[in-house]
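Trainee: I'm new to this one. Could you walk me through how to read it, one feature at a time?

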Amino acid sequence: MAGRATVFLTPEETQRVTQKFEHSAAQRKTRAGEAWKAEDRRGLIQHATSTSLMQELSLASLGFGGAAPEKKSDDTMMTYAVGAAYPPCTVDAKDLAPMKVAELQLESHHRGRKLTVHRISPVAELKVSSWAVVEGVDEEADQVVVLETFLHKQCMGKDHLDSGSKFIIKEPYYTLNADNEAVVRINHPSDLVIATVSEDPESWRDNYKVEDPAVTPEQCKEKGNAALNKQRYSLAHAYYTRGMTAADAAVDPASTLPQDLRRNRAHVNLLLQRYDEAKSDALASLTQGASAEQQSLDAKAYYRAGSAAYALGDFAEAKRCFAEQDRLQPDSKTTQINIRRTAKRLEEQEKCHVDMKKVVASLPKVNWKPDVAGFDGDTIIKSSPGAGRGLFAARDFQPGELIMCEKAFCTVSSRDKGSAAVTALTVDLDDEYNIRVFPAGLHRAVVQKLLDNPSLAPRILALDSGSWAGVGDACPSTADGPVVDTFQVQNIVQRNAFGLAPQTDDEDVTNATTGLWARACYMNHSCLANSIKDFAGDLIVLRAARAIPAGEEITHAYDDNGDYDARQALLQKTWGFMCRCKLCTAEEQDGEEVRVKRRALLKEANEFAQSNGPSGARIVAMTKAKRLRKALDDTYDEKRFKDLPRLATKVIDHWLMLAQR
């Protein structure tokens with residue numbers, strides 16, 4: 001059962017979910033080492049075709065012309081297993097030894113091997129995975145297997161499997177899926193390399209082995225431009241990339257094709273939010289020529305490089321690029337605007353001169369992602385006794401003073417199109433099948449952003465990832481592209497993400513808005529937090545709740561539930577610790593009888609506040625609210641709770657404050 005802000009499972013539901021995954025784990029263990037078995041080729045293709053068709057019909061039923069009906073509450077959540085981590089492949093595909101489908105063995109990662117396959121079915125896109133039937137290249141008939149991408153299904157805005165017709169699977173993991181069917185599972189997107197891009201949606205049929213005729217740089221540029229005009233960005237990127245390789249191999253120093261292709265790919269990369277490559281492509285396309293045409297092209301390149309640097313938060317580099325654009329193409333109003341706003345971002349980074357009223361007013365116009373720079377303030381990150389690393393004050397802060405503000409590395413919101421903000425129940429195979437609510441959509445978005453922009457990885461991969469260190473605090477790269485350990489990112493998101501207030505009326509626990517902030521997440525928990533956090537879109541703003549002397553750790557409350565037992569259970573289950581602050585110690589001493597009474601009153605107070613609007617409240621409502629407030633207050637021992645907050649009265653206090661205005 002799903003509520004608006006939390007999920008409750010009955011003991012029976014918990015047992016049913018746990019038993020399902022225990023059974024799956026036992027099946028994988030029992031069948032480990034089994035060799036691949038031939039399957040019905042035609043039957044698998046028909047199953048994939050029918051599943052794909054049903055999915056298309058389901059999407060079509062949402063409405064005509066792409067207009068989806070109003071979202072209705074859904075009490076169901078997808079559930080999947082986490083844990084059982086394994087590292088991604090960090091070897092170039094060309095250095096792996098080839099293998100055949102018939103050599104696959106269950107529960108093996110086939111280290112040092114690669115499997116090259118053709119897709120021979122449409123892609124069945126499901127909520128948490130996509131799958132298709134593939135056969136080994138140059139293998140005997142009926143040597144087929146199901147290839148499944150799990151959770152991280154997108155590549156350049158398109159389903160990964162649907163983007164290609166020929167794939168290289170690096171160190172293939174052959175396992176059982178949720179239905180105990182044998183599949184080659186892709187958990188790390190970098191383990192799947194697209195060898196041949198699919199231009200024709202029907203390329204999986206009989207003509208799937210036909211190679212694309214575009215081989216010369218000129219042909220690739222023409223094909224790329226045509227794909228770009230049709231907004232098929234992943235296909236345009238593939239053609240430009242192929243053209244660049246061909247142009248670089250040609251010995252013709254007078255040709256401008258290499259620069260043209262890189263400049264065009266920079267534009268596509270900006271559209272795909274692949275800012276690292278956009279910047280490097282744009283700068284590599286510079287001609288450094290003196291003619292008017294060359295200077296115009298170089299101005300365009302500097303604009304694209306500056307735009308990419310700006311999106312990456314490298315405002316100093318963006319300023320340099322826009323200044324070069326201005327030198328080559330003076331008196332451009334657009335350039336002057338970019339120079340001014342970049343200077344403003346640099347000022348915000350250094351001095352936090354942020355007009356919060358303007359920021360808040362701009363939110364609806366900028367999709368709740370304000371154009372503003374973060375400010376680390378006078379804070380430092382260092383070791384926190386018993387709590388890993390924490391955020392500390394480098395100077396004295398006065399009550400209400402701004403400590404820091406930070407733009408999110410990544411957010412997913414109920415405002416986003418599609419299923420970006422999707423929440424799941426995860427069953428942890430490494431933690432006695434512990435069931436948690438997890439922001440699966442945020443996990444997916446963070447992995448994609450790291451793959452697209454590996455220069456940003458060190459700040460994220462340095463965050464606490466529990467016992468699984470993954471690839472470390474840098475994003476390794478192979479000749480096939482950057483490598484991201486999705487298990488490591490899953491642990492990072494689980495331990496460091498923040499939930500925001502609901503962004504839309506239909507937001508509930510199944511599509512909750514969440515985000516990841518690379519610096520603010522170093523704040524450790526305290527029920528007696530000395531800071532208050534607020535959000536302006538994806539900008540987190542941190543202020544001092546009281547005077548904070550230099551050297552004191554800056555804390556915030558991970559959970560402020562007025563029910564002591566519920567609060568401790570959540571801290572233990574989600575973050576793996578019990579709070580021992582002064583408030584928790586005092587509440588623990590209350591005893592079970594007092595806590596049960598307080599819990600019942602808290603529930604009554606919360607239900608009252610939800611069903612009675614404070615505006616224009618009648619005397620009878622005010623009387624009941626005050627009675628509830630006093631009853632809750634009476635559950636606290638005056639001496640023991642002197643100078644301590646009384647969390648159970650927070651909701652009713654807020655209601656009374658609004659009602660008495």
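**Reading a helix, then the whole chain**

Mentor: Let's start with a single helix, keeping in mind that this is a predicted model. Helix α7, residues 292-311, has 20 residues and spans 29 Å between its first and last C-alpha, close to the 28 Å expected at 1.5 Å a residue.

Trainee: Which residues of α7 are buried?

Mentor: Here's the general idea: an α-helix has 3.6 residues a turn, so residues three or four places apart point the same way. In α7, the buried ones are Asp 298, Ala 299, Ala 301, Tyr 302, Arg 304, Ala 305, Gly 306, Ala 308, Ala 309 and Tyr 310.

Trainee: And what covers the buried residues of α7?

Mentor: The cover includes four other helices: α5 (257-271), α6 (275-284), α8 (315-328) and α9 (333-351). After α7 comes Gly 313, with a positive phi near 85°.

Trainee: How do I read two helices that meet, say α16 and α18?

Mentor: Look at the distance, the angle and the handedness. The axes of α16 (residues 592-611) and α18 (residues 650-659) come within 9 Å and cross at roughly 35°. That crossing is left-handed. On the α16 side you'll find Ala 605, Asn 606, Phe 608 and Ala 609, and they meet Val 651, Ile 652 and Trp 655 of α18. Sorted by type, the residues of this contact are six nonpolar, one polar and no charged.

Trainee: Okay, zooming out. How many helices and strands are in the chain?

Mentor: The chain has 18 helices and 26 strands. Its radius of gyration is 28 Å, close to the 26 Å the globule rule gives for 661 residues, so the chain is as compact as a globular protein of that length. Along the principal axes, the C-alpha atoms fill a box of roughly 85 × 70 × 50 Å. Of the 661 residues, 47% count as buried.

Trainee: What about contacts between residues distant in sequence?

Mentor: Take contacts between residues at least 6 apart in sequence: 67% of them join residues at least 24 apart. Thr 51, in helix α2 (residues 41-60), makes a handy example. Leaving out residues up to four places away in sequence, Thr 51 touches Ala 124, Leu 126 and Trp 131. Thr 51 and Ala 124 are 73 residues apart along the chain, yet 5.7 Å separates their C-alpha atoms.

Trainee: Is Thr 51 buried or exposed?

Mentor: Buried means under 20% relative accessible area. Thr 51 has 19% relative accessibility, so it counts as buried.

Trainee: Can you show me a buried residue in a loop?

Mentor: Try Ala 518, in the loop between β22 (514-516) and β23 (524-525). Its relative accessible area is 7%, so Ala 518 is buried. Ala 518 touches Glu 406, Arg 459, Ile 460 and Leu 463, again not counting residues up to four places away in sequence.

Trainee: You mentioned a positive phi on a glycine. Where else should I look?

Mentor: Check Glu 107, whose phi is near 60°, a positive value in a residue other than glycine. Glu 107 sits in the loop between β2 (97-99) and β3 (113-119), and is partly exposed at 26% relative accessible area. Another case is Asn 367, with a positive phi near 55°. Asn 367 belongs to the loop between α10 (356-362) and β13 (379-383), and is partly exposed, with a relative accessible area of 44%.

Notes
Residues numbered from 1 in each chain as written. Predicted model: local features only at pLDDT ≥ 70, side-chain atom pairs only at ≥ 80, totals over all residues. Heavy atoms only, no water. Expected span 1.5 Å × (residues − 1). Buried < 20%, exposed > 50% of the residue type's maximum accessible area, 1.4 Å probe, protein only. Contact = heavy atoms within 4.5 Å. Axes fitted to C-alpha atoms, helices over the stretch in contact; angles between N-to-C directions. Left-handed = near helix turned anticlockwise from the far one by under 90°. Nonpolar A, V, L, I, M, F, W, Y, C, P; charged D, E, K, R; others polar. Rg over C-alpha atoms; globule rule 2.2 N^0.38 Å.
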